[in-house]
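Here's a quick walk through the model, aimed at someone who likes to know the cut-offs behind each call. Take a look at the structure first, then read on.

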Amino acid sequence: MFNSIAFKNFLESLQLTEELLDLERKCKNPPLKSEEITVQTLLGSASVLMVSSFEFFLREMVEENLTCLVSNTHQISFVRLPEKMQVCTIFNSLDQAM
């Protein structure tokens, strides 16, 4: 996971979020009336960026891992499967065909 492109992109996005939070930390706590909108905007932007970055990370991570799974498939001869599995597969195929 730590070598994945998705994880590296996620860390870069979190750095952007951290920069927004650093700007917010420079404001007084509680913020002055003139800074309230700025603080709310910075915190809101950081929240949206964190959530969207995490969502994008999950999507990229799934795609990376699915690609790995798809490329490592091995075909197994049908006759080597257990008899119950063969029967079940045949009946499921017939059901779908009908």
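## The charged end of H1

Aspartate 22 is partly exposed, with a relative accessible area of 34%. On that scale, buried means under 20% relative accessible area, exposed means over 50%, and partly exposed is what lies in between (1.4 Å probe, protein chains only). Before going further: this is a predicted model, where local features need pLDDT of at least 70, side-chain atom pairs count only at pLDDT 80 or more, and totals for chains, interfaces and linings use all residues. Residues are numbered from 1 along each chain as its sequence is written, and side-chain values use heavy atoms, with hydrogens and water left out.

Back to aspartate 22: it forms a salt bridge with arginine 25, and the closest N and O atoms sit 2.5 Å apart. The term salt bridge covers a side-chain nitrogen of Lys or Arg within 4 Å of a carboxyl oxygen of Asp or Glu. The two residues are three apart in helix H1 (residues 5–25), which means about one helical turn separates them. Helices here are DSSP runs (H or I, at least four residues), numbered from the N terminus. As background, an α-helix has 3.6 residues a turn, so residues three or four places apart point the same way.

Arginine 25 has another partner: its side chain meets that of glutamate 18 in a salt bridge at 3.0 Å, N to O. Glutamate 18 is partly exposed too, at 35% relative accessible area.

## The rest of the salt bridges

How many salt bridges does the structure hold? The count is four. One of them pairs glutamate 36 with lysine 33, with 3.9 Å between the closest N and O atoms. Glutamate 36 counts as partly exposed at 30% relative accessibility, while lysine 33 counts as exposed at 70%. Salt bridges that share partners join Glu18, Asp22 and Arg25 into one network.

## H1 and its two sides

H1 passes a simple length check. Its 21 residues should span 30 Å at 1.5 Å a residue, and the end C-alpha atoms are indeed 30 Å apart. (The expected span is 1.5 Å times one less than the number of residues.)

Which residues of H1 are buried? They are Ala6, Phe7, Phe10, Ser13, Thr17 and Leu21. Looking down the helix axis, these buried residues fall within an arc of 120 degrees, so they line one face of H1. The arc is taken over the directions from the helix axis to the C-beta atoms. Turned away from that buried side is a face carrying the exposed residues Ile5, Gln15 and Glu19.

## Where H1 meets H2

The buried residues of H1 pack against H2, and what covers the buried residues of H2 includes H1. Contact here means heavy atoms within 4.5 Å. On the H2 side, the buried set is Val39, Leu42, Ala46, Ser53, Phe57, Glu60 and Met61. The length of H2 checks out as well: 36 residues should span 52 Å, and its end C-alpha atoms are 52 Å apart.

Serine 13 gives a close-up of this packing. It belongs to H1 and is buried, with a relative accessible area of 19%. Leaving aside neighbours within four places in sequence, serine 13 is in contact with Leu49 and Ser53. Leucine 14, also found in H1, is partly exposed at 29%. Its C-alpha atom is 8.0 Å from that of leucine 49, although the two are 35 residues apart along the chain.

## Phenylalanines and cysteines

Searching the whole structure turns up four aromatic pairs. Rings of Phe, Tyr and Trp (its six-membered ring) pair if their centres lie within 6.5 Å; planes under 30 degrees apart are stacked, over 60 edge-to-face, and the rest tilted. Ring pairs link Phe7, Phe10, Phe54 and Phe57 into a cluster.

The same kind of search finds zero disulfides, a disulfide being a pair of cysteine sulfur atoms within 2.5 Å. Cysteine 27 counts as buried at 14% relative accessibility, whereas cysteine 88 is partly exposed at 43%.

## The loop and serine 47

Proline 30 lies in the loop between H1 and H2. The peptide bond leading into it from asparagine 29 is cis, with omega near -5 degrees. Asparagine 29 and serine 47 are 18 residues apart along the chain, and their C-alpha atoms are separated by 19 Å. Serine 47 lies in H2 (residues 36–71) and is partly exposed, at 37% relative accessible area.
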